[in-house]
Amino acid sequence: MKLTQSTLVIRLLLYIAIFLALNLLASSSFFRLDFTADKRYTLSESTKDILQNLDEPVTVTAYFSDNLPAQLKVVEGDFKDLLSEYRTKSGNNVVYEFIDPTDDEALQAEIGQGGIYPLQIQAREKDEITTVQAFAGAIVKSGNQQEVLPRVLQISGLEYSLSAAIKKMSVADKPKIGFIQGHGEPGLDKLIQAQQELANLYQIDTVSLSGGPAAWADFKTLVLLGPSSTIPPDELAQLDEFLASGGRLFVGINAVGGDLQAQAPWDRISTGLENWLTGKGVMVEQAFVLDAVSAQINMQRRQGFFVVNQPINFYYFPNIRNFKEHPVTTGLEEVMLQFASPITIINTDSSVRISPLATTSEQSGKQAPPAYFNPEKQWTQADFSYGLQNVAVSLEGKMGGETETKMVVIADGDFPLNPSPQQPAPANNVNLLVNSIDWLTDDTGLIALRTKGVEARPLQKLMGEEDAGTRTVVKILNFLLPLLIVIIFGIIRNQKRKTQALKWKAEDYS
């Protein structure tokens with residue numbers, strides 16, 4: 001059938017109209033399929049609520065250099081997609097632009113005042129590793145306020161950072177978090193990372209229980225972390241009054257402890273807090289948790305004329321990998337505790353719900369103090385025969401009053417501390433503290449975003465320490481299976497071509 005010229009023109013115009021309609025539809029909506037395990041490319045309901053309730057427009061200016069290595073080009077593309085979805089879900093109240101400041105010294109000085117500086121990034125070029133200077137950050141503005149994302153280097157956690165920045169600018173009065181002092185608790189200078197995380201949504205300050213109700217009246221959540229001296233009964237009564245009024249409480253308790261550098265034995269730490277917690281239905285035993293799944297420390301050993309550092313398993317520092325399904329533990333994969341204690345739930349108050357949050361491995365034990373560090377000790381299976389032991393719990397209900405409240409108890413008061421100003425605490429340790437405070441304090445649902453994004457899942461953790469053979473098989477399959485698929489595909493395709501050639505030869509074209 002021969003088409004007339006007018007028919008061709010009509011079809012061409014129809015195709016152009018369909019193309020323009022699809023383009024218009026794409027510009028006003030955003031859609032993509034997300035097959036990741038943690039749905040990292042799908043906006044959470046809390047983010048959607050924040051975007052749909054914006055009182056004024058939000059402008060995001062992203063500063064990315066054109067000379068970024070390939071892996072960061074992918075992050076830049078993901079960031080653009082994320083912002084496009086923010087714009088759609090906010091009804092165009094979020095606007096954004098991407099700028100390359102590499103050749104503009106005045107612009108570099110301007111954004112440098114806001115906290116965005118050039119980064120030294122390693123890149124591979126022609127089989128050589130080189131270092132390039134590049135920008136990868138963003139400034140979020142709303143009205144007269146602004147928040148800075150100085151390093152946008154991975155998509156994991158970016159939704160939390162961006163949503164928290166927008167939320168922070170839209171909240172007039174941020175809830176106050178009080179870190180209790182006066183009983184040997186570590187100062188805020190030992191919680192550098194936690195402070196940085198919490199500052200997005202909360203006001204952070206110290207508080208003394210000796211000041212009475214007037215001291216804690218303005219705080220929504222109090223944090224009692226690692227007290228080392230006795231807490232007077234009248235101050236424990238202040239905690240009761242705080243909970244009865246609806247206040248929220250985080251407790252990180254050291255029931256036992258010790259110093260790796262000192263020769264003294266490790267022993268009990270009695271502050272009165274352990275008896276107070278028992279009255280709440282949570283018994284923190286004054287004993288050391290032992291776990292075959294543990295951290296390693298370096299021991300100096302002499303070999304001939306040399307002294308070498310040899311890593312050994314330190315069973316008093318359990319690596320916690322068993323987490324119950326709860327907002328506090330969402331996204332956590334491993335938390336290292338130091339001189340933790342077992343927690344037994346003895347609750348008899350039906351108005352208070354106590355739930356385990358984290359447990360040791362099946363191969364765990366406990367040891368009564370005093371304890372000594374003996375690197376020559378030969379550990380046996382009998383030392384790890386207690387099975388799962390609780391090391392963190394949550395409490396919800398009416399605790400002494402008519403108002404519902406919450407509490408989190410973790411049997412280690414040192415887990416989120418920075419070992420030194422230059423040495424960061426493990427990220428998941430900090431996340432455990434901040435997640436707990438979020439769950440206690442914040443009602444926006446942003447807690448689910450903080451740990452959104454799988455960080456690392458090595459085969460050793462997924463399959464267990466004893467499955468070395470299985471891990472080896474998986475590694476070999478991971479390497480050989482793609483090659484095998486390509487070879488099979490090639491054989492099948494080659495066979496089809498031979499069959500087709502024989503078919504052509506057999507046909508009579510005369």
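**Exercise 1.** Determine how strand E1 pairs with E2 and place both in their sheet.

*Solution.* Step 1: E1 covers residues 58-64 and runs parallel to E2, with six bridges between them. Strands are DSSP runs (E, at least two residues), numbered from the N terminus, as helices are (H or I, at least four). Two strands pair if DSSP finds at least two bridges between them. The model is predicted: local features need pLDDT of at least 70, side-chain atom pairs count only at pLDDT 80 or more, and totals for chains, interfaces and linings use all residues. Residues are numbered from 1 along each chain as its sequence is written, and side-chain values use heavy atoms, without hydrogens and water.

Step 2: Val-58 lies opposite Val-94 of E2.

Step 3: The sheet is open, with four strands in the order E2-E1-E5-E6 and mixed pairing. Its edge strands, E2 (94-99) and E6 (145-149), each pair on one side only.

**Exercise 2.** Find the parallel partners of strand E10.

*Solution.* Step 1: E9 (residues 221-225) pairs in the parallel sense with E10 over five bridges; Leu-222 has Leu-249 in E10 as its bridge partner.

Step 2: E10 is also joined to E23 (residues 404-410) by four bridges, again parallel, and Phe-250 faces Val-408 there.

**Exercise 3.** Are the residues of E10 buried or exposed?

*Solution.* Step 1: Buried means under 20% relative accessible area, exposed over 50%, partly exposed in between (1.4 Å probe, protein chains only).

Step 2: In E10 (residues 248-252), five of five residues are buried.

Step 3: In a regular strand, side chains alternate between the two faces of the sheet. Arg-248, Phe-250 and Gly-252 are on one side of E10, Leu-249 and Val-251 on the other, so both faces are covered.
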